[in-house]
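Trainee: I should like to take a close look at a single part of this chain, namely its sheet. Could you describe how the sheet is built and how the parts around the sheet are tied together?

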Amino acid sequence: FDHLVAIERSGRAQDGNYYNMRGVNIKHLVDPIDDLFIAAQSIPGVTTTGIGDGGNELGMGKVKEKVKSLMPKGDLIACDVAADSAVTAGKNALRRSRDPLKHG
């Protein structure tokens, strides 16, 4: 493999736990694939990407300081594991309907 991608997957916080956006510890629900992202940092030719919307997702450690300062409970939930690239995303009004054209 040459690229690891994590999409909306909780990542390890500074205290070693995994949190949802409400700050609830969900470590018992999450397999620790963060170790793959950490190992990839020392393997030439392997890159990583994390995609998330709240800062608690795997790879968002790349923007950890912003998460801590801007997100509710950011100091607690911020993922500590960085990806080479972090893609931040959010929800929009198109989610209100199964037919996005109705909300033009």
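Mentor: From the N terminus on, the elements of the chain run β-α-β-α-α-β. This order holds 3 helices and 3 strands, in a model that is predicted.

Let us begin with the sheet. The 3 strands form an open sheet in the order E1-E2-E3, and the pairing is parallel. Strands E1 and E3 stand at the edges, each with a single partner strand, so one side of each is left without a neighbour in the sheet. On average, and with direction ignored, neighbouring strands of this sheet are turned by 15° against each other. As a general point, strands of a sheet pair through backbone hydrogen bonds, and the pairing may be parallel or antiparallel.

We may now follow the pairing strand by strand. Strand E1 covers residues 3-7 and strand E2 covers residues 47-52; 5 bridges pair the two in the parallel sense. One place to look is His-3, whose bridge partner in E2 is Thr-47. On the path from E1 to E2 we meet helix H1, which spans residues 34-40, and E1, H1 and E2 make a right-handed β-α-β unit.

Strand E2 is also joined to strand E3, residues 85-88, by 4 bridges, and these two strands run parallel. Within this pairing, Gly-50 stands opposite Ala-86 in E3, while Ile-51 has Val-87 in E3 as its bridge partner. When you follow such a strand in the view, keep in mind that in a regular strand the side chains alternate between the two faces of the sheet.

Let us turn to the ties around the sheet. The structure holds 3 salt bridges. In one of them, the side chains of Arg-9 and Asp-34 meet at 4.0 Å, N to O. Arg-9 lies in the loop between E1 and H1 and Asp-34 lies in helix H1, so this pair ties together parts that are 25 residues apart in sequence. Is each partner buried or exposed? Residues under 20% relative accessible area count as buried. Arg-9 therefore counts as buried at 17% relative accessibility, and Asp-34 counts as buried at 0%.

A salt bridge also forms between the side chains of Arg-12 and Asp-35, at 3.0 Å, N to O. Here too the pair links distant parts of the chain: Arg-12 is in the loop between E1 and H1, Asp-35 is in helix H1, and the two are 23 residues apart. Asp-35 is partly exposed, with a relative accessible area of 42%.

There is also a salt bridge in which the side chains of Asp-80 and Lys-64 meet, at 2.5 Å, N to O. Asp-80 belongs to the loop between helix H3 (74-77) and E3, Lys-64 belongs to helix H2 (residues 64-70), and the pair links these distant parts across 16 residues. Asp-80 is partly exposed, with a relative accessible area of 34%, whereas Lys-64 is buried, with a relative accessible area of 18%.

Finally, some values for the whole chain place this part in context. Of the 104 residues in the chain, 38% are buried. Among contacts between residues at least 6 apart in sequence, 56% join residues at least 24 apart. The accessible surface of the chain comes to about 6,600 Å², and 55% of this surface belongs to carbon and sulfur atoms.

Definitions and conventions. Residues are numbered from 1 along each chain as its sequence is written. This is a predicted model: local features need pLDDT of at least 70, side-chain atom pairs count only at pLDDT 80 or more; totals for chains, interfaces and linings use all residues. Side-chain values use heavy atoms; hydrogens and water are left out. Two strands pair if DSSP finds at least two bridges between them. A crossover is right-handed if, with the strands pointing away from the viewer, the path from the first strand over the helix to the second runs clockwise. Axes are lines fitted to C-alpha atoms, for helices over the stretch in contact, and angles run from 0 to 180 degrees between N-to-C directions. Buried means under 20% relative accessible area, exposed over 50%, partly exposed in between (1.4 Å probe, protein chains only). Contact means heavy atoms within 4.5 Å. Accessible areas come from the Shrake-Rupley method with a 1.4 Å probe; for residues, only the protein chains shown count as cover.
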